[in-house]
Amino acid sequence: MQLKSLDEIRALSQKIAADMNIEIVDVEFDNRTDTLTVYIETEGGVDLDTCEKFHNAINEPLDGLDPSGGSPYTFNVSSPGLDRPFKTQRDFERNLNKEVEIKLYAPLKGKKYLEGVLTDFDENSVTVKIGREELKISRNKIAKINKAIKFE
């Protein structure tokens with residue numbers, strides 16, 4: 001299958017999402033299942049109705065773009081999930097001063113898993129407050145960073 005660039009699909013998705021107060025978090029294509037998935041986010045979270053409305057709004061323009069070059073594919077719209085890794089600048093901005101979980105490639109101060117409050121970030125590092133201590137961690141040492149999930 002000759003897939004259009006994900007950047008073209010993302011640009012089309014963002015154009016439609018902007019009018020709906022929806023943020024495009026990611027666009028992925030799974031070659032094994034020929035499935036195109038657009039992950040969306042809103043300020044209040046994503047529910048099934050939001051996914052359906054966006055799917056309906058983008059379906060016809062996406063067909064016009066013909067992302068698969070005429071080959072059949074499955075199209076999904078989804079919430080990115082609670083434990084998805086931060087990928088974009090907006091992910092970090094949205095979670096500033098909130099609790100995050102960090103998994104490291106190698107131990108730092110004897111630990112490969114850290115949990116704390118994201119207090120700062122730039123393109124090279126993140127700063128996390130753990131208790132009274134602030135740690136600045138190089139992004140290339142982080143295997144995954146995501147929002148901390150708390151069940152109460």
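Of the 152 residues in this chain, buried ones make up 36%. Keep in mind that you're looking at a predicted model. Here's a quick run through the overall fold, the surface and charges, and then one residue up close, threonine 50.

**Fold and dimensions**
- The chain is built from 3 helices and 8 strands.
- Reading from the N terminus, you get the order α-β-β-α-β-α-β-β-β-β-β, so to speak a run of five β elements closing the list.
- Lay the chain along its principal axes and the C-alpha atoms fill a box of roughly 55 × 30 × 30 Å.
- Take the contacts with a separation of 6 or more: 53% of them come from residues 24 or more positions apart.

**Surface and charges**
- The accessible surface adds up to about 9,500 Å² for the chain, and carbon and sulfur atoms hold 46% of that area.
- On the charge side, there are 22 positive and 28 negative charges.
- Average the positions for each sign, and the two mean positions end up 9 Å apart.

**Threonine 50 up close**
- Threonine 50 sits in helix 2, which covers residues 48–65.
- Is threonine 50 buried or exposed? Its relative accessibility is 18%, and because the cut-off for buried is under 20%, threonine 50 counts as buried.
- Which residues does threonine 50 touch, once neighbours within four places in sequence are set aside? The contacts are Ile22, Ile40 and Thr42.

Notes:
Residues numbered from 1 in each chain as written. Predicted model: local features only at pLDDT ≥ 70, side-chain atom pairs only at ≥ 80, totals over all residues. Heavy atoms only, no water. Helix = DSSP H or I, 4+ residues; strand = E, 2+ residues; numbered from the N terminus. Buried < 20%, exposed > 50% of the residue type's maximum accessible area, 1.4 Å probe, protein only. Contact = heavy atoms within 4.5 Å. Areas by Shrake-Rupley, 256 points an atom, 1.4 Å probe, with all protein chains shown as cover. Lys, Arg positive; Asp, Glu negative; His and termini not counted. Charge placed at Lys NZ, Arg CZ, Asp CG, Glu CD.
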